[in-house]
Amino acid sequence: MGTRTAGLLLAGIIVTRASACMFSKLLLAGMGPFTLMALRFGIVSALLALLFGGKLVRADRATIRRGAAIGALFFIVMSLETMALCYSASSTVCFLENTAIVLVPLLEAAHARRAPRIRDIACTLAVLAGVGLLTLQEGISGFGTGEALSLAAAVFYALAIMVTARAARAHDSLTLGVLQVGVMGIASPIAAFALESPALPGGGMEWLYLAVLVFVCTGFGFTLQPVAQRYLSAEQAGIFCALNPLTAGICGTLFLAEPLGSARLAGMALVLLGIMVASLKKPDPENPLRQSAAESNVPPSPPAVKSLEGTLIKGKRGEGGSGAWA
């Protein structure tokens, strides 16, 4: 496969996965956020257990503990994201959540006790300006529960990226990824029965939306992203991260009738600019984890999926191939 073909395939994968916010929004009209997560990640974790059960049996305690910790982090991220979709437009949620990409280098700098680079600060300022245009068009009242949950998800997503990058260097990445989704597949139904009254989709269209969400938005990306990224550098793959919120914005406008004014367009443009510049940065030789974070940031729609994609890439490499899993 050539670089151009791989780029087109990766673009198609990310566009497909980015539509997950739209299908989640449609399904949330008839079920609670944790019920939706229970169905989505319960099915996916069951499939992964069937495919990679042997790895789970052979996993040592340290890998299990680290995989469970990563899964707990991403359960928080996905919980915040799905609840945010109950209050805000899907495009707003996706744009705000993907600001995690510019938070990673700032958090890495803080962890290393050094000043952030000027480029990191510039990207952050551009993203903050875009967030302001997206959320504060009607004054401070425009910043509501959905926006707060989305930004909280961005912070936890950035932390999860950093933890995953470190864990993947010391443990089998594929096993970590399977454990991560497994934790989400277990925790989501527990939360659903504790906090909601779970119910299955009530009509044919709802089942269709769920099938697309599970098998197309999640399965298609999980299966083929490693193939596409095998032929692309981290810098080339990083640019495609801008397609995630952009696609979510287009889907929200066309299919969910979400408003799109000049201020929102300007805000989206600034967020995209910050994300693209941050993703194209060259790796820092003093901090190789910056490169790992960039690879994990070819997003997925849902952040849990996004990081799992990153860990599966590394898992493939460790087994003699190359590529990456969101």
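## A tour from helix α9 to the cavity and beyond

Start with Leu-174, which counts as buried at 8% relative accessibility. You will find Leu-174 in helix α9. Now add Gly-67 to the selection: the two residues are 107 places apart in sequence, yet their C-alpha atoms lie 10.0 Å from each other in space. Keep in mind as you go that this is a predicted model.

**Next door: Thr-175**

Move along to Thr-175, also placed in helix α9, which covers residues 173-195. Is Thr-175 buried or exposed? Thr-175 is buried, with a relative accessible area of 4%. To see what surrounds Thr-175, select Lys-55, Leu-56, Ala-59 and Thr-63; Thr-175 touches each of these, leaving aside residues up to four places away in sequence.

**Colour by confidence**

Before going further, switch the colouring to pLDDT. The mean for the chain is 74, with 72% of the residues at 70 or more. Which helix has the highest confidence, and which the lowest? Helix α4 comes out highest, at a mean of 91, while helix α14 (residues 289-296) is lowest, at 42. Select residues 283-326 as well: pLDDT is below 50 over this stretch, though the model gives it 153 contacts beyond near neighbours in sequence.

**Two covered helices**

Now show helix α2, residues 20-27. This helix is mostly covered, as 6 of its 8 residues are buried. Highlight Ala-20, Cys-21, Met-22, Phe-23, Ser-24 and Leu-27 to pick out the buried ones in α2.

Then turn to helix α5, residues 90-97. Here 8 of the 8 residues are buried, so the helix is largely enclosed by the rest of the structure. Select Ser-90, Ser-91, Thr-92, Val-93, Cys-94, Phe-95, Leu-96 and Glu-97 to display the buried residues of α5; the list includes the charged residue Glu-97.

**A pair of cysteines**

Show the side chains of Cys-21 and Cys-94. How many disulfides does the structure hold? The count is 0. Cys-21 is in no disulfide, and the nearest cysteine sulfur, at 4.5 Å, belongs to Cys-94. Seen from the other side, Cys-94 is in no disulfide either, with the sulfur of Cys-21 as its nearest, 4.5 Å away. The cut-off for a disulfide is a sulfur pair within 2.5 Å, so this pair does not count as one. Cys-21 is buried at a relative accessible area of 3%, and Cys-94 is buried at 2%.

**Inside the second largest cavity**

Go back to Ser-24 in α2 and use this residue as the way into the second largest cavity, whose lining includes Ser-24. The cavity has a volume of about 40 Å³. Complete the lining by selecting Leu-36, Met-37, Arg-40, Phe-41, Met-78, Glu-81 and Thr-82 alongside Ser-24. Two elements give two or more residues to this lining, α3 (33-58) and α4 (61-85). Helix α3 gives the most, with 4 residues. Colour the lining by residue class and you get 4 nonpolar, 2 polar and 2 charged residues.

**Last stop: Arg-113**

Finish in the loop between α6 (100-111) and α7 (118-135), where Arg-113 sits. What is unusual about the backbone here? Most residues other than glycine have a negative phi. Phi of Arg-113, by contrast, is positive, near 55°. After so many buried stops, this residue offers another setting: Arg-113 is exposed, with a relative accessible area of 81%.

Methods: Residues numbered from 1 in each chain as written. Predicted model: local features only at pLDDT ≥ 70, side-chain atom pairs only at ≥ 80, totals over all residues. Heavy atoms only, no water. Buried < 20%, exposed > 50% of the residue type's maximum accessible area, 1.4 Å probe, protein only. Contact = heavy atoms within 4.5 Å. 1 Å grid on protein atoms, 1.4 Å probe; cavity = no way out; pocket = protein on both sides within 12 Å on 5 of 7 lines; lining within 4 Å. Points joined across faces, edges and corners; volume = space filled by probe spheres on them. pLDDT = per-residue confidence, 0-100.
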